[in-house]
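Colleague: I should like to learn how to read salt bridges in a structural model. Could we work through them together?

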Amino acid sequence: MNSMRFLYSNGVLSCSSDAPPITTFLESLPGSYTTSRTHENGTTLLFWERHLKRLSNSTRILLNSNPELIFKANKKSPLLFSTFSVTSSLKWESRIRSLVSNSLNRVLPIALKERSNGEELAVTALVSGDFEKLKAMKNVGGGGDDDDGVFEVLDLHLHIGSYIPPVFGIEESGAHLALVGRGRDLADAKYSDWVRLRKPLEKLRPPSVTELLLSNDGDRILEGCITNFFVICQRDKSEAEGKYLDDYDNVYSVEVQTAPISDGVLPGVIRQLVIEVCHSKGIPVCEVAPSWEKHRLWEEAFVTNSLRVLQHVETIKVPQPWESLESKCFEGISWIEKKFQGPGIITKVIQKEIMERASTESHPLNESI
């Protein structure tokens, strides 16, 4: 795979060997971020409008609740300021869009020229705070017109790298999951410090596992470290009353299940698209954390994120007992495994519809971002 990378930061463009891998980049800077990729041989950006809105929301949430996740303070100057009061508005979203677009329009044309045929580009936009500028300003982020002052202390960092999407549907491209840790504390915003916080879970990763799942009790599965998690479960009509997002009366004997945002999961762009597709196709969907106790009723499973889009699950490993995760490594854990036979019918229907929507919702790259 080509290791082509670009980093655009504070007006400086770094290429390839001078640009860090994406994980190193995210570990080096605090901030809110979003990642998308090109589609159809580098001709469009997947669901870019949704990503900009998510970046806007994440930035606002962090500034208002956990500004230390936006600003990087040095040891001599710890963070000594209160939270912000940034309001959600079209003006706020427009300013975030402008911040991203100014950088992306400078770098993306260069990256597209360097892209090899058959490869796509992974595009990560990160909004970080400049602590030194913040110290020099007063009354920043008080709401209303004061929101303008916030942008004076925010920087946009852009990372672009080559990416080869997995081929959907073949056995080799399926995900292998293992349940290894507890859910995140601040899931409603996407922020770079999560890359560091999830690192300790790696010691529990069994061989061949491609994604790590999170749960707070060992039964209700919330999400993956970098994905949202879905199962297609046989419907239990005796328990269904009042739980469905829509009152479906159709031929489906199964329902799509995924943990609700209120349980502490990331509001992923593709997660929301899956729910919308289920509504449009009349597929029963229930926002409830899939219960491992009922895994024998699971007929299909898949994970989603903005690079893989939708990836079917081949296997899921769960520790027995849950408390054994206190072990220092995966060798000290006994695992129960659930196997699936490739992507099922419902998974294929949802994946096909999402990719069809990609053709209409993605931003053409022959236009300015």
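Modeller: Certainly. The model is predicted, and a search of the whole structure finds 16 salt bridges.

Colleague: What allows such pairs to form?

Modeller: Side chains of opposite charge can pair when their charged atoms come close. In this structure, Glu-49 forms a salt bridge with Arg-97, and their closest N and O atoms are 2.8 Å apart. Glu-49 belongs to helix 2 (residues 48–65) and Arg-97 to helix 3 (residues 90–114), so the pair ties together parts that lie 48 residues apart in sequence.

Colleague: How exposed are Glu-49 and Arg-97?

Modeller: Glu-49 is partly exposed, at a relative accessible area of 41%. Arg-97 is also partly exposed, at 33%.

Colleague: Which residue pairs with Arg-50 in a salt bridge?

Modeller: The partner of Arg-50 is Glu-361, with 2.7 Å between the closest N and O atoms. Arg-50 lies in helix 2 and Glu-361 in helix 8 (residues 345–361); the pair therefore ties together parts 311 residues apart in sequence. Arg-50 counts as partly exposed at 22% relative accessibility, and Glu-361 is partly exposed at 29%.

Colleague: What is the N to O distance in the salt bridge of Lys-339 and Glu-337?

Modeller: The distance is 3.9 Å, which falls within the 4 Å cut-off for a salt bridge. Lys-339 counts as exposed, with 58% relative accessibility, whereas Glu-337 is partly exposed at 34%.

Colleague: Which residues are joined into one network by salt bridges that share partners?

Modeller: That network consists of Arg-50, Glu-276, Lys-281, Glu-353, Arg-357 and Glu-361.

Note on methods
Residues numbered from 1 in each chain as written. Predicted model: local features only at pLDDT ≥ 70, side-chain atom pairs only at ≥ 80, totals over all residues. Heavy atoms only, no water. Salt bridge = Lys/Arg side-chain N within 4 Å of Asp/Glu carboxyl O. Helix = DSSP H or I, 4+ residues; strand = E, 2+ residues; numbered from the N terminus. Buried < 20%, exposed > 50% of the residue type's maximum accessible area, 1.4 Å probe, protein only.
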